[in-house]
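Biologist: I should like to learn how the features of a model are read, one at a time. May we begin with the way in which chains meet?

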Number of protein chains: 4
Amino acid sequence: MRVLMIGDIVGSLGRTAIQTHLNRLKRAYKPDVTVANGENAAGGRGITREIVRSLLKQGVDCITLGNHAWDRREIFDFIDEEPRLVRPANYPEGTPGQGYTVIPVGKESLTVINLMGRTFMPPVECPFRTADALLANLSGKTHIVVDFHAETTSEKQAMGWYLDGRVSAVIGTHTHVQTADERILPGGTAYLSDVGMTGAYDGVLGMSRDLVLKKFLTQLPVRLEVEKTGGMQVNAVVIDLDRTNGKARKIRRVRIDDDQPLLDG
Amino acid sequence: MRVLMIGDIVGSLGRTAIQTHLNRLKRAYKPDVTVANGENAAGGRGITREIVRSLLKQGVDCITLGNHAWDRREIFDFIDEEPRLVRPANYPEGTPGQGYTVIPVGKESLTVINLMGRTFMPPVECPFRTADALLANLSGKTHIVVDFHAETTSEKQAMGWYLDGRVSAVIGTHTHVQTADERILPGGTAYLSDVGMTGAYDGVLGMSRDLVLKKFLTQLPVRLEVEKTGGMQVNAVVIDLDRTNGKARKIRRVRIDDDQPLLDG
Amino acid sequence: MRVLMIGDIVGSLGRTAIQTHLNRLKRAYKPDVTVANGENAAGGRGITREIVRSLLKQGVDCITLGNHAWDRREIFDFIDEEPRLVRPANYPEGTPGQGYTVIPVGKESLTVINLMGRTFMPPVECPFRTADALLANLSGKTHIVVDFHAETTSEKQAMGWYLDGRVSAVIGTHTHVQTADERILPGGTAYLSDVGMTGAYDGVLGMSRDLVLKKFLTQLPVRLEVEKTGGMQVNAVVIDLDRTNGKARKIRRVRIDDDQPLLDG
Amino acid sequence: MRVLMIGDIVGSLGRTAIQTHLNRLKRAYKPDVTVANGENAAGGRGITREIVRSLLKQGVDCITLGNHAWDRREIFDFIDEEPRLVRPANYPEGTPGQGYTVIPVGKESLTVINLMGRTFMPPVECPFRTADALLANLSGKTHIVVDFHAETTSEKQAMGWYLDGRVSAVIGTHTHVQTADERILPGGTAYLSDVGMTGAYDGVLGMSRDLVLKKFLTQLPVRLEVEKTGGMQVNAVVIDLDRTNGKARKIRRVRIDDDQPLLDG
Ligand SMILES: [Fe+2]
Ligand SMILES: [Fe+2]
Ligand SMILES: [Fe+2]
Ligand SMILES: [Fe+2]
Ligand SMILES: [Fe+2]
Ligand SMILES: [Fe+2]
Ligand SMILES: [Fe+2]
Ligand SMILES: [Fe+2]
């Protein structure tokens, strides 16, 4: 089973990047299932029902989220209705939405778990213990990928080792910069600290570089907006899972931008 | 001018990795000058005089530092004596050591600046304004690389854009994970959010994965130690600068580990 | 010279508390000059021109600010025009507004300095060095009070000791809870870690206790609003300064609320 | 039932302050039961078996802890053996020690719960939910005091309101500065944001003021030590609980230092 995971889609340029590149990516890599992180899809903060529908219609099979999931309040109106939408599982009990979902992939299925780190982030439930609890309930599942939405490389690598041999892949999101540390851990779990983002190529994490710079230089409150000019980028990862046991066989990073066009699509 | 920059050397395995791979790296890439971040060289925390000497002797031309610079107190005894050792320039006035150095490279020179971010880090002086002040004093210099030691991708990318066209390269350190976002910005500045680390391949950022996991799982104070078992990794970047004007012409990431051996050295 | 300092005025109940109690406080304590922190006066976030005018008209002689100074954007339109309005002096160079002001008090004057801490707050300039620089420029002044707007007790106490003997008083703001550690330090500087807030008595720091609790319980983004029901409180401090040399002679905390009515006004 | 709660005992001066003042305090206030926070009793960090024994022998009936509980490793050897020692209940499952204890007080008992905040502190379990769970198990108990060890006034006040009417008192610790906001909430719960510390009067939170200042001024790692010179202070609170239902009837702050000697003891 081949899984395509696309990093945090940021704002209008991010959605345009999906419109422009998703089909080409699929032709190039022929994934069986496509997962994308959508926490920043609506103007850099949150996601709307319309964007969810549009992404699913364009061929995304599952949308994961993160700390920005809640920035558009309308999500509380639809998060419980969309089985292909997943928010971090370690938000406290009673949080709307679901922390994992099972996506049919032909006769098989892929389980997608979303977890969130706690270092420099809101103090949600322990992601390691939440992972244990989820996996105990998913004992029949063999093909499981985890979107671990976290800030620090230490918490991410710790999660990779913690789940090695127990899930098919641990793929980080949230920093919006793809890391180059893809590997298959000894137990058969594919690992990448961060898959990177999808959106403006000339911003700062997809947001306006002028506004971000203004914030750093003045330390005043600055309302960030997405970068709307310049090129686009798509950051993704392709993971091949053993059909029988779900072990990762191969992990490849994908980066599309003005400097590195997708030629083979 | 070709510059080889090597990411944070962590502990004994990091130093062994330098002994094992530096000459091979040099044969493979033929750099004119080699810079390495040494803030974690002594047991994961700080650096000693002996390690400084050893690294310089082995062919490192300049050692940069970061927030861990001061963890071994003996640094206060020698930091003012070693012209090839640089600590973040934006520590407050009166801090021992120097924030940049000029390394002779044949008839030319490379200026190496070390700066530190402030997001989730100690509140040192503004790195952007410190960069402005340093560059005002370095107006004759054309070949300048900045080691920007920072936690967040936003502060790093903001610095890249801020210095684009004013320095040859802005290369991040501190997260210990190499990022895959190398590019040459429109003004001619090579950029990479993080060059990654040099040391244990099977730890967490070079430290013991058991101890880091213990820390995350218990939230108790855990004295971290370097990971001493398993393989090694070297993360580096090679930047080619235009001889005449110091503009970056090419930037390539280098990653050596058990999964990706250095074949061409 | 007797100085009355009133803690962070929060929202409409805070402004009502001033209307209700300021004159009575003045009758009770007969201050020569009144200073109030106004960073939360407009709906809990920032301050408007109208509120500034109203507070000054009601008998506040000087308004200090803090990290919330900038939350209402209109402040950028008037902060440079009002000499009795002060924002933290250690915002970076180029920040609108002023970091201290000199208030005429009969034939004498009181200098009011506003500084901001950096622990768990934005990384502005070093407040200790900024204090040094300001005091070097204020060498003729003997009556100086510092509103040190900071989160942690350690940074506040450190500032108290740092400025002991160099200013008349170091009075903390920002935590919205009055501390009971008033004292006169050996060098003659009055010190209080936090003067507390002015506004709702039954909220959380003046904000809606239901909304604050919702935030802690859900870890979701919650737009806080001021608490509008229940009683009011005023927290203040009265400091007596030696007429000749500005040394503090006495410091008394003042607390008015439903449980502790102001009887002597 | 009258409860005396003494704030964080810091280092040798803190222990000396107990030796000097505890008996006098008891004579003055005649408490039925005495609780003290001991997380900093050993050199400012952690506590030893010997200090535990000594404090209990001197008349402390229950010792609470906090984030510094674990700084002396020997605590892991004895924390499970001492029924009068309590660590924050919301450390994750499996943490040594207990989160509450029941102290016999004549024919009655006082239940002491220790909880820890999460804002600017380690991400332990949700203290609000942990409180709910503990109280569900303590349904027969009427006399319950909570030592809520937390950094921010917002989390502390939120806890006060959350537990109002469900426990006898919510008393904060950790900031080492006594607050002046004592009150009895509408449901009958005594509340104080922080009881303050016990130890050096001329340090910064009990630690060396020179070293703390050095840390703020240099931003370098500084190994803090307790302040050993100058006077002492004791900060405490006396709470009177209704014998029949455990409701708080009265709450008084106690502060003893060079400026405010205990006269009535
Ligand atoms: Fe994101
Ligand atoms: Fe995120
Ligand atoms: Fe490092
Ligand atoms: Fe570092
Ligand atoms: Fe405030
Ligand atoms: Fe504030
Ligand atoms: Fe403490
Ligand atoms: Fe503490």
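Modeller: We begin with a definition: contact means heavy atoms within 4.5 Å. The model before us is predicted. In it, 100% of the interface residues of chain D are also interface residues in chain B, so the two copies meet through the same surface.

Biologist: By what rotation is chain D superposed on chain B?

Modeller: A rotation of 180° superposes chain D on chain B, with 0.0 Å of shift along the axis and an RMSD of 0.0 Å. The C-alpha of chain D nearest that axis belongs to D:F120, which is 5.8 Å from it.

Biologist: What turn lays chain B on chain A?

Modeller: Chain B is laid on chain A by a turn of 180° and a shift of 0.0 Å along the axis, and the RMSD is 0.0 Å. That is the relation of a two-fold axis. In chain B, the residue that comes closest to the rotation axis is B:T179, with its C-alpha at 1.9 Å. Here too the copies meet through the same surface, because 100% of the interface residues of chain B are also interface residues in chain A.

Biologist: Let us turn to the metals. Which residues coordinate the iron ion (ligand 3)?

Modeller: As a general guide, ideal angles at a metal are 109.5 degrees for four tetrahedral donors, and 90 or 180 degrees for six octahedral ones. In this structure, B:D8 (OD), B:E39 (OE), B:N40 (OD1) and B:H176 (NE2) coordinate the iron ion (ligand 3) at 2.1 to 2.2 Å. The angles among its 4 donor atoms run from 89 to 162°, and the site is irregular. Along the chain, these donors follow the spacing D-x30-E-N-x135-H.

Biologist: Which residue coordinates both the iron ion (ligand 3) and the iron ion (ligand 4)?

Modeller: B:E39 coordinates both ions, which are 3.5 Å apart. The iron ion (ligand 4) is coordinated by B:E39 (OE), B:N67 (OD1), B:H149 (NE2) and B:H174 (ND1), at 2.1 to 2.2 Å. Its 4 donor atoms subtend angles of 84 to 145°, which makes the arrangement irregular.

Biologist: Where in chain B do B:N67 and B:H149 lie?

Modeller: B:N67 lies in the loop between strand 3 (62–64) and helix 3 (75–78) of chain B, and B:H149 lies in strand 7 (residues 144–149) of chain B, so the pair ties together parts that are 82 residues apart in sequence. The spacing of the donor residues of the iron ion (ligand 4) is E-x27-N-x81-H-x24-H.

Biologist: What are the protein donors of the iron ion (ligand 8)?

Modeller: They are D:E39 (OE), D:N67 (OD1), D:H149 (NE2) and D:H174 (ND1), which lie 2.1 to 2.2 Å from the ion. The arrangement around the iron ion (ligand 8) is irregular, because its 4 donor atoms subtend angles of 85 to 145°. D:E39 bridges this ion and the iron ion (ligand 7), and the two ions lie 3.5 Å apart.

Biologist: Finally, how is a pocket read? How much space lies in the second largest pocket?

Modeller: Rolling a probe the size of a water molecule over the atoms shows where empty space is left. About 300 Å³ of space lies in the second largest pocket. Of the 15 residues that line this pocket, the closest to its centre are B:E125, C:E125, C:C126, C:R129 and C:T130. By class, the lining has 5 nonpolar, 4 polar and 6 charged residues.

Methods. Residues numbered from 1 in each chain as written. Chains lettered and ligands numbered in written order. Predicted model: local features only at pLDDT ≥ 70, side-chain atom pairs only at ≥ 80, totals over all residues. Heavy atoms only, no water. Least-squares fit on C-alpha atoms with pLDDT ≥ 70 in both. 1 Å grid on protein atoms, 1.4 Å probe; cavity = no way out; pocket = protein on both sides within 12 Å on 5 of 7 lines; lining within 4 Å. Points joined across faces, edges and corners; volume = space filled by probe spheres on them. Nonpolar A, V, L, I, M, F, W, Y, C, P; charged D, E, K, R; others polar. Donors = N, O, S within 2.8 Å, 3.2 Å for Na, K, Ca; no water. Tetrahedral: all angles 85-135°; square planar, octahedral: opposite > 155°, others 65-115°. Helix = DSSP H or I, 4+ residues; strand = E, 2+ residues; numbered from the N terminus.
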